[in-house]
Amino acid sequence: MNADTAHYLDTVFPDFEPELKVRLAAESSLKQIPAGEVIMRTGQYFKYTLLIASGKVKLYREGDDGEEAYIYTLQAGNACALSMICNTRQQTSEITAVTLEDTVAIMVPIQLMDNLMQQYKSWYYFVIDNYRSRFEELLTVLDSVVFKGMDERLEFYLKNQVKNRGTKELSMTHSEIANDLNTSREVVSRLLKKMEQNKKIQLFRSHIIWL
């Protein structure tokens, strides 16, 4: 049994039943992933389901011309629902995932998935809850794209970043925001300046502060 994995399971996934924690600690591996590393690309097969023990991971779609469309962010206590789906059906990934900060992930092998679903109720409910949470996040993103203008989408995006990162100081460039919103840097810069004039944010060279 890996003591570090057992520690993360106890502290970050306390609802898992004891027998499940023992098995995951024995048969999973712990991976330290530095910030900025791509951990999944479109077209790759999933070999593991990732349980996020610490850190944050951004998931997004890539277009044919290299543009990015932000989907959602995973943080401690979350799992990649898409990896669970692809694992069980042996499908390739349709998303790209990159770490936003130094991340620790518990890597659950694909071979365990069916058995864990059948044998442990806490795992079954965890998987279902992750499906529901990620689906709700996708609906929220869809609503912002379909029903909101770019100014509203930008404000919604920044609020989500504050919530997901747990800080009002956002270290991100205008280009990064533009990629996530699938628009131009010039549009983002103009709208951010307008938000600053309306005293919703403060702009600095390397970061944004939400007021």
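In the predicted model, the buried residues of helix H2 are Leu20, Lys21, Arg23, Leu24 and Ala25. The elements that cover these positions include helices H1, H4 and H5 together with strands S3 and S7. One of the buried residues of H2, Leu24, is also listed with Phe16, Leu51 and Trp123 as having the most contacts inside the largest nonpolar core, a set of 22 residues. Two or more residues of this core come from each of helix H1 (3-12), helix H2 (18-27), strand S3 (48-54), strand S7 (103-109), helix H4 (113-119) and helix H5 (121-147).

The surroundings of Trp123 illustrate how this core is assembled. With residues up to four places away in sequence left out of the count, Trp123 touches Phe16, Glu17, Leu20, Leu24, Leu51, Met84, Val108, Met113, Leu116 and Met117. A second core, separate from the one described above, consists of 17 residues, among them Leu154, Leu158, Val188 and Ile201.

Strands S3 and S7 also belong to an open sheet of 3 strands, which has the order S1-S7-S3 and antiparallel pairing. The edges of the sheet are formed by strand S1 (29-33) and S3; each has a single partner strand, so one side of each remains without a neighbour in the sheet. On average, neighbouring strands are turned by 30° against each other when direction is ignored. Strands of a sheet pair through backbone hydrogen bonds, in either a parallel or an antiparallel manner. In the present sheet, S1 and S7 are joined in the antiparallel sense over 5 bridges, and Ser29 is found opposite Met107 in S7. The antiparallel pairing of S3 with S7 extends over 6 bridges. Within this pairing, Ala105 in S7 is the bridge partner of Ile52, and Val108 in S7 is that of Thr49.

The burial of these strands was examined next. Of the 7 residues in S3, 5 are buried, and the strand is thus mostly covered. For S7 the corresponding figure is 7 of 7 residues. In a regular strand, side chains alternate between the two faces of the sheet. Both faces of S7 are covered, with Thr103, Ala105, Met107 and Pro109 buried on one side and Val104, Ile106 and Val108 buried on the other. Helix H1 lies across S1, S3 and S7, and its direction makes an angle of about 100° with S7.

A further open sheet comprises 4 strands in the order S2-S6-S4-S5, again with antiparallel pairing. Here strand S2 (38-40) and strand S5 (68-75) occupy the edges; each has a single partner strand, so one side of each is left without a neighbour in the sheet. The twist from one strand to the next averages 30°. Strand S2 and strand S6 (residues 96-99) run antiparallel and are joined by 2 bridges, with Val38 opposite Val98 in S6. Helix H6 packs on this sheet, where it touches strand S4 (56-62) and S5, and the direction of H6 makes about 25° with that of S5. Helix H7, in turn, lies across S4 and S5 and runs at about 100° to S5.

The two helices that contact S4 and S5 also pack against each other. Helix H6 (residues 150-165) and helix H7 (residues 174-181) meet at an angle of about 110°, and their axes are 11 Å apart. Angles of 65 to 115 degrees count as roughly perpendicular, and H6 and H7 are therefore roughly perpendicular to each other. The contact is formed by Met150, Arg153, Leu154, Tyr157 and Leu158 in H6 and by Ile177, Asp180 and Leu181 in H7. By class, these residues comprise 6 nonpolar and 2 charged residues, with no polar ones. Leu154 and Leu158, which take part in this contact, are among the residues of the second core.

Towards the end of the numbered elements, Lys199 is located in the loop between helix H8 (185-197) and strand S9 (201-203). The relative accessible area of Lys199 is 67%, and the residue is therefore exposed, the cut-off for this class being over 50%. Lys199 and Trp210 are 11 residues apart in sequence, and the distance between their C-alpha atoms is 9.1 Å.

Terms used:
Residues are numbered from 1 along each chain as its sequence is written. This is a predicted model: local features need pLDDT of at least 70, side-chain atom pairs count only at pLDDT 80 or more; totals for chains, interfaces and linings use all residues. Side-chain values use heavy atoms; hydrogens and water are left out. Axes are lines fitted to C-alpha atoms, for helices over the stretch in contact, and angles run from 0 to 180 degrees between N-to-C directions. Angles under 35 degrees count as roughly parallel, over 145 as roughly antiparallel, 65 to 115 as roughly perpendicular and the rest as oblique. Contact means heavy atoms within 4.5 Å. Ala, Val, Leu, Ile, Met, Phe, Trp, Tyr, Cys and Pro count as nonpolar, Asp, Glu, Lys and Arg as charged, and the others, Gly among them, as polar. A nonpolar core is a set of buried Ala, Val, Leu, Ile, Met, Phe, Trp, Tyr and Cys residues joined through side-chain atoms within 4.5 Å. Buried means under 20% relative accessible area, exposed over 50%, partly exposed in between (1.4 Å probe, protein chains only). Two strands pair if DSSP finds at least two bridges between them.
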